[in-house]
Amino acid sequence: MNVVTTQHQQDRSLPRPQTLDEFINQRHTVEALRAAISKANQRGIMIDHVLLTGPPGLGKTTLAEAIARELGLPIVSYLGSQFTSPAQVSAVLRYGQGKVIFIDEVHAVSYKALEVLYRTLEDGMVPNLDGRLEKCGAFILIAATTDPQRLPNPFRQRFSLSFHLDYYSEASLATIVNQSAPIMGLTVASESIETIARIARGVPRLANHFLKRSADFAVDNAITPPVVQKFLTTYGIDSSYGLDRLDTGLLTALKRLGGTASIDVLASTIGENPKVISIDREPYLLRLGLVSRSSRGRILTPKGEQVIYQLEKEAS
Ligand SMILES: Nc1ncnc2c1ncn2[C@@H]1O[C@H](COP(=O)(O)OP(=O)(O)OP(=O)(O)O)[C@@H](O)[C@H]1O
Ligand SMILES: [Mg+2]
């Protein structure tokens with residue numbers, strides 16, 4: 001099977017922390033991993049398998065690569081959806097000795113294939129070409145998913161090193177922007193760093209993307225407040241919360257619908273797929289407290305009303 005580098009390939013031009021030390025935030029996760037790595041190194045054994053969960057862009061792939069680097073082991077990366085049959089998993093595990101095997105979006109591994117994976121995690125046995133079980137060499141599995149609910153419980157429980165990455169604070173995102181800027185050959189005014197950190201929705205990938213897109217408008221690679229403003233205006237992003245046109249359209253539609261509406265009604269009003277709203281848009285609006293949920297649907301909160309009022313005032 002082909003070894004793939006997943007969507008993080010698109011991020012190659014973004015600075016990616018190389019080591020656990022460069023990995024900003026997620027302090028408890030990093031400390032726990034560092035302790036496990038150092039103990040395993042002392043004892044001359046492999047660390048246990050690792051499960052990384054959390055929303056997109058928070059650093060699961062970055063962390064997997066940093067772990068492999070700390071361990072001094074090669075990493076081979078796969079997408080869960082590549083494993084449609086048990087034979088595909090067996091083939092990879094048979095040749096996994098001494099490697100970090102990274103399976104991204106592991107929830108997409110087929111059920112039968114996952115069974116082989118379970119079994120190998122449990123007793124180190126893997127089916128050979130004739131289907132007979134053989135002991136396989138020691139490897140480390142790092143599994144990542146944005147959707148841990150879709151993993152069978154027994155599979156999740158096989159990971160004693162299991163970490164959930166959470167959204168980053170503005171201060172952490174500011175540190176990331178500060179770290180990224182010189183790598184991208186940019187100088188950034190402190191006010192611009194603050195703005196980018198504030199609108200990045202708690203997501204490092206977005207912070208780096210916004211820095212990169214601001215740079216499109218920069219003169220002499222200097223990211224000044226007017227440069228960031230130009231980026232925000234061009235992309236229709238508000239400077240307080242990072243709401244884009246779809247977010248504001250959603251809030252405005254909710255207001256026009258009387259402040260309460262079901263996802264389906266809301267989606268058809270703005271011509272969007274209900275899934276895009278509930279998976280991609282709603283979580284951030286809920287986190288900001290602009291929208292809340294009830295049995296009757298989605299409700300525009302007083303804070304949400306205030307934000308729309310402000311945005312409409314700015315636009316007029
Ligand atoms: N802790 C961090 N410190 C500095 N930069 C980070 C950190 N985490 C992520 N990044 C930046 O964000 C980008 C996205 O991270 P990454 O690809 O690891 O996220 P992911 O959780 O694997 O996302 P997905 O679920 O979409 O695969 C990285 O390329 C890097 O630039
Ligand atoms: Mg990833």
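In the predicted model, the largest nonpolar core comprises 58 residues, of which Ile67, Ile142, Val177, Ile196 and Ala207 touch the most other members. Residues of this core are given by both domain 1 (7-164) and domain 2 (170-235), so the core lies between the two domains. Among its central members, Ile67 touches Leu33, Val50, Val100 and Ile142, when residues up to four places away in sequence are not counted. A second core, separate from the one above, has 11 residues, including Leu251, Ala261, Ala267 and Val291.

The protein chain is divided into three parts: domain 1 (7-164), domain 2 (170-235) and domain 3 (245-315). Between the C-alpha centres of domain 2 and domain 3 the separation is 27 Å. The C-alpha trace of the protein chain spans about 70 × 50 × 30 Å along its principal axes. The chain contains 13 helices and 12 strands. Of its 316 residues, 34% count as buried. Among contacts with a separation of 6 or more, 70% are made by residues 24 or more positions apart.

An open sheet of five strands has the order E2-E3-E6-E1-E7, and its pairing is parallel. Strand E2 (75-79) and strand E7 (161-164) stand at the edges with a single partner strand each, so one side of each has no neighbour in the sheet. On average, neighbouring strands of this sheet are turned by 15 degrees against each other, direction ignored. E2 is joined to E3 by five bridges, the two strands running parallel. Within this pair, Ser77 has Phe102 of E3 as its bridge partner.

Strand E6 (residues 140-145) is joined to strands E1 and E3. Strand E1 (residues 50-53) runs parallel to E6 and is connected to it by four bridges, with Leu51 opposite Ala143 of E6. Strand E3 (residues 100-104) likewise runs parallel to E6, with four bridges between them, and Ile101 stands opposite Leu141 of E6. Six of the six residues of E6 are buried, so this strand is largely enclosed by the rest of the structure. In a regular strand, side chains alternate between the two faces of the sheet. Both faces of E6 are covered, with Ile140, Ile142 and Ala144 buried on one side and Leu141, Ala143 and Thr145 buried on the other. One of these residues, Ile142, is also among the core members that touch the most others and is touched by Ile67.

Ile67 belongs to the buried residues of helix H2, together with Lys60, Thr61, Thr62, Leu63, Ala64, Glu65, Ala66 and Ala68. Nine of the 12 residues of H2 are buried, so the helix is largely enclosed by the rest of the structure. The cover over these buried residues includes helix H1 (27-43) and strands E1, E2, E3 and E6. At 1.5 Å a residue, the 12 residues of H2 (residues 60-71) should span 16 Å, which agrees with the 17 Å between its end C-alpha atoms. H2 is followed by Gly72, which has a positive phi near 70 degrees.

Positive phi values also occur outside glycine. Most residues other than glycine have a negative phi. Asn25, a residue other than glycine, has a positive phi near 70 degrees. Asn25 is placed in the segment before H1 and is buried, with 21 other C-beta atoms within 10 Å. Glu105, which is not a glycine either, has a positive phi of about 45 degrees. Glu105 lies in the loop between E3 and helix H4 (111-123), and this residue counts as buried because it has 20 C-beta neighbours inside 10 Å, where 20 or more is the requirement.

Another open sheet has three strands in the order E10-E12-E11, with antiparallel pairing. Its edge strands are E10 (260-261) and E11 (291-294), each of which pairs on one side only. E10 pairs with strand E12 (residues 297-300) in the antiparallel sense over two bridges, and the bridge partner of Ala261 in E12 is Arg298. Ala261 is also included in the second core, as is Val291. Helix H10 (residues 245-256) lies across E10, E11 and E12, and runs at about 95 degrees to E12.

Technical notes:
Residues are numbered from 1 along each chain as its sequence is written. Chains are lettered from A and ligands numbered from 1 in the order in which they are written. This is a predicted model: local features need pLDDT of at least 70, side-chain atom pairs count only at pLDDT 80 or more; totals for chains, interfaces and linings use all residues. A nonpolar core is a set of buried Ala, Val, Leu, Ile, Met, Phe, Trp, Tyr and Cys residues joined through C-beta atoms within 7 Å. Domain bounds come from an automatic or database domain assignment. Two residues are in contact if their C-beta atoms, placed from the backbone, lie within 7 Å. Two strands pair if DSSP finds at least two bridges between them. Axes are lines fitted to C-alpha atoms, for helices over the stretch in contact, and angles run from 0 to 180 degrees between N-to-C directions. The expected span of a helix is 1.5 Å times one less than its number of residues.
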